[in-house]
Amino acid sequence: MTGTGQARPDTASRTTLGKAADENFPVAPFFLPRAWRDDLMAVYGFARLVDDIGDGDLAPGGADARHLGVGPEHAGDRLAMLDAFETDLLRVFDPADGPPRHPLLRALGPTVERRGLPPEPFLGLVAANRQDQLVRRYETYDDLLAYCELSANTVGRLVLGITGTATPERIRRSDEICTALQIVEHLQDVAEDLGRDRVYLPAEDLKRFHVTEEDLARPTAGASVRALIAFEADRARGLLDAGLPLVGSVHGRLRLLLAGFAGGGYAALDAIGAAGFDVLSGPPKAAKPSLMRRAGTVLLAARREG
């Protein structure tokens, strides 16, 4: 696992990395050691790029497809792009046929080598995006949790790997927080996801609350939709509460970072509640002061437990 080098990001890659400012939680805040920030941004660049491929949200101009060796005639084929991306990702771990071709994957190489990160979490996120192309509805909550295991929990495990703090207990707590954050994002994006022919609300819950997909397509949420969103938000809050001991189990700047992650989830849930659980008229987003207050509350709770 050598020879990956440090790549200078092109315009498309800078566009991808620039999306970090729009996330519900701080990706690589200033208070972290520079080495951590660099490694977290390298992982973020990978994760954001694979999600953008899966969502069809790549920067215009086709630079990403060219980097991955995908011809213009297949650049709009998300499965072909994901296959090419996975092939290039594997070069990070085994550059037998040369280093990765995409700048964001070349930038990931030093992080993988320095932190000894395994390929499985990265491949899991690619698998989640491939699943998005093939599975557009989830029958049960357990089905959704299995998807979150690939799409969200892998990212939390990479954060623990970068900071050298992974233990079985911390991984379990991290999984709970990351699944909660994924569910929160799904709740914020119900209308947007439906526009992509995806519904992440479990079908068993739609039936329980007498909600149809036609209800989800309306410009504002009716009473049944609001009740469903409140139910799913309460589930996400329970997962955040269950994972919260993770924050108290670490110290220093990492505790601040994890408090920011959890606080971002709580603040987003607050915003959903403040909107009356109407997520159809626009994705409820937490303002920065709310996020900071929530992160502070998480920190205080961690200190009391510690």
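**Exercise 1.** Leaving aside neighbours within four places in sequence, find which residues Phe85 is in contact with.

*Solution.* Start with the ground rules: this is a predicted model, where local features need pLDDT of at least 70, side-chain atom pairs count only at pLDDT 80 or more, and totals for chains, interfaces and linings use all residues. Residues are numbered from 1 along each chain as its sequence is written, and side-chain values use heavy atoms, with hydrogens and water left out. Contact means heavy atoms within 4.5 Å. With that, Phe85 turns out to touch Phe46, Leu49, Val50, Ile53, Leu68, Leu105 and Val126.

**Exercise 2.** Work out how H2 and H4 are oriented to each other, and what makes the contact.

*Solution.* Helices here are DSSP runs (H or I, at least four residues), numbered from the N terminus. Take the axes, which are lines fitted to C-alpha atoms over the stretch in contact, with angles from 0 to 180 degrees between N-to-C directions. For H2 (residues 34-55) and H4 (residues 78-93), the axes come within 8 Å and cross at roughly 160°. Therefore H2 and H4 are roughly antiparallel, the term for angles over 145 degrees. Next, list the players: H2 brings Phe46, Leu49, Val50, Ile53, Gly54 and Asp55, while H4 brings Arg78, Met81, Leu82, Phe85 and Leu89. Sort them, and you get eight nonpolar, one polar and two charged. For that sorting, Ala, Val, Leu, Ile, Met, Phe, Trp, Tyr, Cys and Pro are nonpolar, Asp, Glu, Lys and Arg are charged, and the others, Gly among them, are polar.

**Exercise 3.** Do the same for H4 and H6.

*Solution.* H4 and H6 (residues 120-134) pack at about 175°, axes 10 Å apart. H4 and H6 are therefore roughly antiparallel. On the H4 side the contact includes Phe85, Leu89 and Phe93; on the H6 side, Phe122, Leu123 and Val126 are among the residues. The tally for this contact is ten nonpolar, two polar and four charged.

**Exercise 4.** Describe the largest nonpolar core and place Leu254.

*Solution.* A nonpolar core is a set of buried (under 20% relative accessible area, 1.4 Å probe, protein chains only) Ala, Val, Leu, Ile, Met, Phe, Trp, Tyr and Cys residues joined through side-chain atoms within 4.5 Å. The largest one has 80 residues, and Phe46, Phe85, Leu89 and Phe122 are among those with the most contacts inside it. Helix H15 (residues 252-274) gives the most to this core, with ten residues. Leu254 is found in H15 and is buried, at 3% relative accessible area. Beyond four places in sequence, Leu254 touches Trp36, Thr163 and Thr165.

Key. Buried < 20%, exposed > 50% of the residue type's maximum accessible area, 1.4 Å probe, protein only. Helix = DSSP H or I, 4+ residues; strand = E, 2+ residues; numbered from the N terminus. Parallel < 35°, antiparallel > 145°, perpendicular 65-115°, else oblique.
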